[in-house]
Amino acid sequence: MFGSIILMNTTLIEIRRAKPTDAVSVAETHDEAWRNAYRGIIPGAELEKLISRRGPAWWESAIRKGSRVALLGFGDRIAGYANYGRNRARSLFYDGEIYEIYLRPEFQGLGFGRRLFTAARRDLAQSGLKSLVIWALSDNDPAVEFYRALGGRAVARSSEKFGNRTLDKVAFAWRA
Ligand SMILES: CC(C)(COP(=O)(O)OP(=O)(O)OC[C@H]1O[C@@H](n2cnc3c(N)ncnc32)[C@H](O)[C@@H]1OP(=O)(O)O)[C@@H](O)C(=O)NCCC(=O)NCCS
C-alpha cells in the first residue's frame with residue numbers, strides 16, 4: 001500500500017505499517033522527537049509526564065487495536081512515524097486527521113517528513129478520508145513552517161493546558 005522504497009547509497013528507505021514488534025522503536029522515536037521539539041515550550045515536568053505515558057506498552061496496544069501508524073525505516077532504524085485516522089474535532093469539517101508526525105532529530109530536514117505526510121494522506125484517502133487536518137502548537141515554528149510548505153492552510157485555533165501553561169494550537173487543513 002505504501003510502496004515507497006528508495007535506495008540511497010545502498011540504504012533501504014521504506015514506508016510501511018507499524019507492527020506490534022515495532023513498539024519499542026516507535027516509543028524511542030516519540031521520546032527523542034518530543035524532548036527535542038517541546039523543550040522550552042511545554043513545561044519540563046509536564047513534558048516528562050506526557051512522554052512517560054507513551055512508552056512501548058502504549059504503542060503496542062495502540063498498534064494491536066488497529067491504530068494506523070506508518071513508519072519510515074532507514075536501513076534497520078526507524079527514522080520517524082505518523083499516526084492518523086478519523087478527524088476527532090467534530091466542529092471541523094474534514095474527514096481525516098494526522099494525529100502525530102515525528103522524526104528522530106538526526107533524520108529531520110532530509111525530506112522524510114514530506115514522504116511520511118504523503119504516505120499518510122494517501123492511506124487516509126484510500127479509506128475514504130480525503131480531506132484532512134493536523135494540529136500543531138503555535139510555538140512549534142518548524143512544524144508550522146513544514147505544514148505551510150506542504151500546502152496546508154491554517155483553518156482553526158484552539159488552546160490546551162500543559163501543567164501551569166496554556167499554549168495556543170493551530171489546525172492546518174488540506175482539501176480533498
Ligand atoms: C516537522 C517534521 C515532521 C518535518 O519533517 P522534515 O523531514 O524535517 O521536513 P522535510 O525535510 O520533509 O521538509 C518538507 C518541506 O518543509 C519545509 N520545512 C521543513 N522544516 C522547516 C523549517 N523548520 N522551516 C522552514 N521550512 C521547513 C522544507 O523546506 C520542505 O520544503 P520543500 O519541500 O518545499 O523544500 C520534522 O522536522 C519533525 O519531526 N520535527 C520535530 C517534531 C515536530 O515538531 N513534529 C510535528 C508536530 S505537530
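Asn-83 is buried in this predicted model, because its relative accessible area of 7% falls under the 20% cut-off. The residue belongs to strand E4, which covers residues 77-86. Once neighbours within four places in sequence are set aside, Asn-83 is in contact with Arg-54, Trp-59, Arg-68 and Val-69, and also with Glu-97, Ile-98, Tyr-99 and Glu-100. One of these partners, Trp-59, is also a member of an aromatic cluster, described further below.

Ser-127 offers another setting. This residue sits in the loop that runs between helix H4 (112-126) and strand E6 (132-137). Its relative accessibility is 39%, so Ser-127 counts as partly exposed, a class that lies between the 20% limit for buried and the 50% limit for exposed. From the C-alpha atom of Ser-127 to that of Ser-61 the separation is 22 Å, and the two residues are 66 apart along the chain.

The elements named so far belong to a chain with five helices and eight strands. Read from the N terminus, their order is β-β-α-α-α-β-β-β-α-β-α-β-β. Of the contacts between residues at least 6 apart in sequence, 62% join residues at least 24 apart.

Overall dimensions come next. For 176 residues, a compact globule would be expected to have a radius of gyration near 16 Å, and the chain agrees, because its own value is 16 Å. Along the principal axes, the C-alpha atoms fill a box of roughly 45 × 35 × 30 Å. Buried residues account for 46% of the 176 in the chain. The accessible surface amounts to about 9300 Å², and carbon and sulfur atoms contribute 49% of that area. As for charge, there are 28 positive and 19 negative charges, and the mean positions of the two sets lie 6 Å apart.

The aromatic side chains can be followed through their ring pairs. With ring centres required to lie within 6.5 Å, the chain has 13 aromatic pairs. One of them joins Tyr-38 and Tyr-102: the ring centres are 6.3 Å apart and the planes stand at 75°, so the pair is edge-to-face. Tyr-38 is part of helix H1 (residues 23-38) and Tyr-102 is part of strand E5 (residues 96-103), so this pair ties together parts that are 64 residues apart in sequence. Tyr-38 counts as buried because its relative accessibility is 7%. Tyr-102 also counts as buried, at 12% relative accessibility.

A further pair is formed by Tyr-147 and Phe-172, whose ring centres are 5.7 Å apart; their planes meet at 45°, so this pair is tilted. This pair, too, links distant parts of the chain, with Tyr-147 in helix H5 (residues 141-149), Phe-172 in strand E8 (residues 165-174) and their positions 25 residues apart. Both rings belong to buried residues: Tyr-147 has a relative accessibility of 5%, and Phe-172 has a relative accessible area of 1%.

Tyr-38 and Tyr-102 are also members of one aromatic cluster, together with Trp-34, Trp-58, Trp-59 and Tyr-81. The cluster leads back to the starting point, because Trp-59 lies within the 4.5 Å contact limit of Asn-83.

Key:
Residues numbered from 1 in each chain as written. Predicted model: local features only at pLDDT ≥ 70, side-chain atom pairs only at ≥ 80, totals over all residues. Heavy atoms only, no water. Helix = DSSP H or I, 4+ residues; strand = E, 2+ residues; numbered from the N terminus. Rg over C-alpha atoms; globule rule 2.2 N^0.38 Å. Buried < 20%, exposed > 50% of the residue type's maximum accessible area, 1.4 Å probe, protein only. Areas by Shrake-Rupley, 256 points an atom, 1.4 Å probe, with all protein chains shown as cover. Lys, Arg positive; Asp, Glu negative; His and termini not counted. Charge placed at Lys NZ, Arg CZ, Asp CG, Glu CD. Phe/Tyr/Trp six-rings, centres within 6.5 Å; stacked < 30°, edge-to-face > 60°.
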